[in-house]
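Here's a quick briefing on how some helices pack and what lines a pocket. Have the model open while you read.

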Amino acid sequence: MSKWAKLHAKISESYDFAEACNADPKAGLLFVLGIAHADVYGVLVGDPRLLAGRVFGLVRVTEEEVVAAVAILVKVGLVLQYSDDRGHVYLWFPKYTEYQSVEWVRVGPPEHPLPEAWGPPEALFEAVKKTNSKGQLLASESLRRWVAGLSEDHSATTRRPLDDHSTLD
């Protein structure tokens, strides 16, 4: 989990963000605060109880309000909601790596399963190439093995998007 995250000024010009905020201001708040809580892959545990406690913190919000906010963010395309093989729910910010600086040479493999739609950013492959050419190691050798194992389509894991956003368990 990041301790801080960048927020670009262009967010105020985003039609998707405006649509989410206009539908429910808590959806906009979940998006902004969620970015800071996402891991370096742009993934956040999507259990509404955890989102209410961890992401919203001291902001008063019910689980039902969190479920509604997530549904809005999914509808406008700001997040993708998916589950793993055990039914655990996650949120993924598709544009996370476009706006966040990640030092891939210091990153390990993902802690959480990645969505099927996830593809490694070019910067990840560049970090591997750079360390290989200098004879250096990544901070995590397991990351090197993980990157080497990515398939041609860059799909890291197979996960299924949730079709029914009202059921999270």
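What follows covers two helix pairs and then the largest pocket. Keep in mind that this is a predicted model.

**H3 against H4**
- Helix H3 spans residues 48–55 and helix H4 spans residues 63–76, and their axes sit 9 Å apart at an angle of about 100°.
- That angle falls in the 65 to 115 degree range, so H3 and H4 are roughly perpendicular to each other.
- On the H3 side you'll find Pro 48, Arg 49, Leu 51 and Ala 52, which meet Glu 63, Val 66, Val 67 and Val 70 of H4.
- Sorted by class, this contact has six nonpolar residues, two charged ones and no polar ones.

**H2 against H3**
- Helix H2 (residues 25–37) crosses H3 at roughly 85°, with the axes coming within 11 Å.
- H2 and H3 are therefore roughly perpendicular to each other.
- From H2, Leu 30, Leu 33, Gly 34 and His 37 meet Leu 51, Arg 54 and Val 55 in H3.
- The class split here is four nonpolar, two polar and one charged.
- Leu 51 is worth clicking on: this H3 residue takes part in the contact with H4 and also in the one with H2.

**The largest pocket**
- The largest pocket holds about 440 Å³ of space.
- Its lining counts 18 residues, and those nearest the centre are Ile 11, Phe 31, Leu 78, Lys 95 and Tyr 99.
- Helices H1 (15–23), H2 and H5 (96–99) each give the lining at least two residues.
- By class, the lining breaks down into ten nonpolar, four polar and four charged residues.

Note on methods: Residues numbered from 1 in each chain as written. Predicted model: local features only at pLDDT ≥ 70, side-chain atom pairs only at ≥ 80, totals over all residues. Heavy atoms only, no water. Axes fitted to C-alpha atoms, helices over the stretch in contact; angles between N-to-C directions. Helix = DSSP H or I, 4+ residues; strand = E, 2+ residues; numbered from the N terminus. Parallel < 35°, antiparallel > 145°, perpendicular 65-115°, else oblique. Contact = heavy atoms within 4.5 Å. Nonpolar A, V, L, I, M, F, W, Y, C, P; charged D, E, K, R; others polar. 1 Å grid on protein atoms, 1.4 Å probe; cavity = no way out; pocket = protein on both sides within 12 Å on 5 of 7 lines; lining within 4 Å. Points joined across faces, edges and corners; volume = space filled by probe spheres on them.
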